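This report examines the fold of one protein chain, then its helices, then a few individual residues. Please keep the sequence and the model in view while reading.

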Amino acid sequence: YLKSKDVELHILSSPGSSNDAIPGKNKWLKRMNIGISPNKVHYKQAKNKREMAAPDALLIDDRGLNIAQFIEDGGKGIKHNSSDLESTILKLKKFGI
């Protein structure tokens with residue numbers, strides 16, 4: 001859905017308890033052919049995702065705490081449930097996306 005919209009996409013992902021997961025996540029992104037350049041892929045521990053918050057930033061995340069902190073720090077957020085993609089798309093439309 002987002003690929004069809006005129007928005008600048010970034011990936012913000014947690015590397016897990018160690019940075020060992022980063023190479024695997026990078027391989028997955030390449031395999032999924034999402035089309036996001038490596039300089040738009042950011043890794044932050046979940047508790048630090050809020051550091052990327054800005055008035056024009058929208059975080060789509062499956063953890064409510066990440067969303068709440070992101071909004072608290074000035075961004076926008078959508079809680080995503082992987083089994084309910086339509087709900088996420090409806091929320092994106094409410095943001096004008």
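Helices, in the sense used here, are DSSP runs of H or I with at least four residues, and they are numbered from the N terminus. By that definition, helix 2 is followed by Gly74, whose phi is positive, near 105°. The model under discussion is predicted.

## Overall fold

The protein contains three helices and four strands. Their order along the sequence is β-α-β-β-α-β-α.

The radius of gyration is 13 Å, which agrees with the value near 13 Å that a compact globule of 97 residues would have. Along the principal axes, the C-alpha atoms occupy a box of roughly 35 × 30 × 25 Å. Of the contacts with a separation of 6 or more, 36% join residues 24 or more positions apart.

## Surface and charge

Buried residues account for 24% of the 97 residues. The accessible surface amounts to about 6700 Å², and carbon and sulfur atoms contribute 52% of that area.

The protein carries 17 positive and 11 negative charges. The mean positions of these two sets lie 4 Å apart.

## Helix 2

Which residues of helix 2 are buried? In this helix, formed by residues 64-72, they are Asn66, Ile67, Gln69 and Phe70. Viewed down the helix axis, these buried residues fall within an arc of 170°, so they line one face of helix 2. An α-helix has 3.6 residues a turn, so residues three or four places apart point the same way.

The cover over the buried residues of helix 2 includes strand 3 (58-61) and strand 4 (76-79). On the face turned away from the buried side, Leu65 and Glu72 are exposed.

## Residues within helix 2

Gln69 is part of helix 2. Its relative accessibility is 14%, and Gln69 therefore counts as buried, the cut-off being under 20%. Leaving out residues up to four places away in sequence, Gln69 touches Ala46, Lys47 and Arg50.

Ala68 also belongs to helix 2, but at 41% relative accessibility Ala68 counts as partly exposed. The C-alpha atoms of Ala68 and Lys79 are separated by 9.4 Å, with these positions eleven residues apart along the chain counted as their offset. Glu72, likewise in helix 2, is exposed, with a relative accessible area of 62%. From the C-alpha atom of Glu72 to that of Ser17, 55 residues apart along the chain, the separation is 24 Å.

## Helix 3

Helix 3 spans residues 85-94, and its buried residues are Thr88, Ile89 and Leu92. Why are these residues placed on the same side of helix 3? They cover an arc of only 100° around the axis, which puts them on the same side of the helix.

The buried residues of helix 3 pack against strand 3 and strand 4. These two strands are also included in the cover of the buried residues of helix 2. On the other side of helix 3, the exposed residues are Glu86, Leu90 and Lys94. Just after this helix, Gly96 adopts a positive phi of about 85°.

## Residues outside the helices

Leu9 is located in the segment before strand 1 (11-13). With 24% relative accessibility, Leu9 counts as partly exposed. Apart from neighbours within four places in sequence, Leu9 contacts Leu2, Ile36 and Lys40. For one of these partners, Ile36, the C-alpha separation from Leu9 is 7.2 Å, although the two residues are 27 residues apart along the chain.

Is Lys47 buried or exposed? Lys47 is exposed, with a relative accessible area of 61%. Lys47 sits in the loop between strand 2 (41-43) and strand 3, and Lys47 is among the residues that Gln69 touches. The C-alpha atoms of Lys47 and Ala57, ten residues apart along the chain, are separated by 17 Å.

Notes: Residues are numbered from 1 along each chain as its sequence is written. This is a predicted model: local features need pLDDT of at least 70, side-chain atom pairs count only at pLDDT 80 or more; totals for chains, interfaces and linings use all residues. Side-chain values use heavy atoms; hydrogens and water are left out. The radius of gyration is taken over C-alpha atoms; the globule rule is 2.2 Å times the number of residues to the power 0.38. Buried means under 20% relative accessible area, exposed over 50%, partly exposed in between (1.4 Å probe, protein chains only). Contact means heavy atoms within 4.5 Å. Accessible areas come from the Shrake-Rupley method with a 1.4 Å probe; for residues, only the protein chains shown count as cover. Lys and Arg count as positive and Asp and Glu as negative; His and the chain ends are not counted. The place of a charge is taken as NZ of Lys, CZ of Arg, CG of Asp or CD of Glu. The arc is that of the directions from the helix axis to the C-beta atoms.
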